[in-house]
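Please open the model in your viewer and keep the sequence panel visible. The tour below proceeds by selection, stating at each stop what is to be found there.

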Amino acid sequence: MKLLPLFLRRPIEAVYERRLAAGLVGLPRPQHVGIMVDGNRRWARKAGHTDVREGYRAGGAKVTTFLGWCTAAGIEHVTLFMLSDDNLGRPAEELGPLIEVIEETVRDITAEGRDWEVRAIGSMDMLPGTSARVLKEATAATTGRGGLKVDVAVGYGGRREIVDAVKSAFEEHIAAGGDPAELVARFGIDDISRHLYSPVADHTDFIIRTSGEQRLSGFLLWQSAYAEMHWVDCYWPAFRHVDFLRALRSYANRERRFGK
């Protein structure tokens with residue numbers, strides 16, 4: 001069957017979106033959503049671009065749009081997986097443009113007039129050049145805004161986060177004059193949760209990954225113990241509002257038992 005012309009497809013999609021949104025009224029919503037913004041390079045190549053930076057730019061622009069959808073949906077917290085610690089091993093000619101787009105995206109979502117409280121999480125000390133300073137300065141300006149909480153995961157690895165949390169717990173205990181053996185004897189789940197990169201991120205309701213891949217790739221390993229997963233076939237720059245609404249519908253239709 002041939003696809004409908006664009007001038008016909010858009011009104012039909014708009015009606016479908018309104019029906020989806022209406023059907024979500026009163027249904028459970030995730031409060032903390034993790035989003036793996038995957039497929040930017042593949043989108044660029046499929047779109048005919050010879051420079052994959054076009055995919056990064058399109059993906060960066062979609063972040064702002066996505067956060068607007070989350071705000072409208074009443075979601076309280078979003079974690080964006082934009083660069084893993086494994087990605088830091090990419091060639092400089094590829095990593096540099098990607099980090100530039102991340103910096104531009106963070107400047108955009110932290111600009112005056114945005115009602116979002118943004119923080120950068122991950123191994124900031126591993127980022128090249130002045131990137132860590134740029135991200136920290138941009139996000140510091142949003143402290144206390146009180147709107148949607150947004151964590152931008154850059155140079156992030158879930159296993160590294162857990163290791164850093166354990167180290168931080170022991171460093172805090174020892175700095176206060178405590179005996180390490182005493183902490184070992186009572187060490188528990190809360191000791192790690194309190195020392196994660198984001199102090200409000202010890203529980204994630206829903207994780208979405210674009211591009212058709214079906215794995216976590218180290219994303220929010222501690223926080224995702226009971227998270228619902230949703231895989232989307234499209235690449236991140238092509239992720240539509242209707243895809244977001246379908247994801248929320250999928251979440252609302254699940255029975256969350258938390259092992260009970």
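In what follows, buried means under 20% relative accessible area, exposed means over 50%, and partly exposed lies in between, computed with a 1.4 Å probe on protein chains only. The model is predicted, so local features need pLDDT of at least 70 and side-chain atom pairs count only at pLDDT 80 or more, while totals for chains, interfaces and linings use all residues. Residues are numbered from 1 along each chain as its sequence is written, and side-chain values use heavy atoms, with hydrogens and water left out.

**Stop 1: two residues with positive phi**

Select L220, which is buried at a relative accessible area of 1%. L220 sits in the loop between strand 5 and strand 6; strands here are DSSP runs of E of at least two residues, helices are DSSP runs of H or I of at least four residues, and both are numbered from the N terminus. Although L220 is not a glycine, its phi is positive, at about 50 degrees.

Next select S211, in the loop between strand 5 (206-209) and strand 6 (228-231). The phi of S211 is near 85 degrees, a positive value in a residue other than glycine. Most residues other than glycine have a negative phi. S211 is buried, with a relative accessible area of 8%.

**Stop 2: aromatic pairs**

How many aromatic pairs does the structure hold? There are 13. Rings of Phe, Tyr and Trp (its six-membered ring) pair if their centres lie within 6.5 Å; planes under 30 degrees apart count as stacked, over 60 as edge-to-face and the rest as tilted.

Select F66 and W69. Their ring centres are 6.4 Å apart and their planes stand at 75 degrees, so this pair is edge-to-face. Both residues belong to helix 3 (residues 53-73), where they are three residues apart, about one turn of the helix. F66 and W69 are both buried.

Now select F81 and Y156, an edge-to-face pair with 5.7 Å centre to centre and 85 degrees between the planes. This pair links distant parts of the chain, with F81 in strand 2 (residues 77-84) and Y156 in strand 4 (residues 148-156), 75 residues apart. F81 is buried at 10% relative accessible area, and Y156 is buried at 0%.

To finish this stop, select F66, W69, W236, F239 and F244 together: these residues form one aromatic cluster.

**Stop 3: cysteines**

How many disulfides does the structure hold? It holds zero, a disulfide being a pair of cysteine sulfur atoms within 2.5 Å. Select C70: the closest cysteine sulfur, in C234, is 14 Å from that of C70, too far for a bond. C234 is likewise in no disulfide. C70 is buried, with a relative accessibility of 0%.

**Stop 4: helix packing**

Select helix 4 (residues 92-109) and helix 5 (residues 131-140). Their axes come within 9 Å and cross at roughly 15 degrees; axes are lines fitted to C-alpha atoms, for helices over the stretch in contact, and angles run from 0 to 180 degrees between N-to-C directions. Helix 4 is therefore roughly parallel to helix 5, since angles under 35 degrees count as roughly parallel, over 145 as roughly antiparallel, 65 to 115 as roughly perpendicular and the rest as oblique. The crossing of helix 4 and helix 5 is left-handed: a crossing is left-handed if the near helix is turned anticlockwise from the far one by less than a right angle, and right-handed if clockwise. To view the interface, display I99, I102, E103, V106 and R107 in helix 4, which meet S131, V134, L135, A138 and T139 in helix 5. Contact means heavy atoms within 4.5 Å.

Then add helix 3, which packs with helix 4 at an angle of about 25 degrees, the axes being 9 Å apart. That angle makes helix 3 roughly parallel to helix 4, and the crossing of helix 3 and helix 4 is right-handed. Among the helix 3 residues that meet helix 4 are Y56, G60 and L67.

**Stop 5: two final selections**

Select E100 in helix 4. E100 is partly exposed, with a relative accessible area of 47%. The C-alpha atoms of E100 and E171 are separated by 34 Å, and the two residues are 71 apart along the chain.

Finally, select H173 in helix 6 (residues 158-175). Is H173 buried or exposed? At 13% relative accessibility, H173 is buried. Leaving aside neighbours within four places in sequence, H173 is in contact with G178, D179, P180, E182, L183 and R186.
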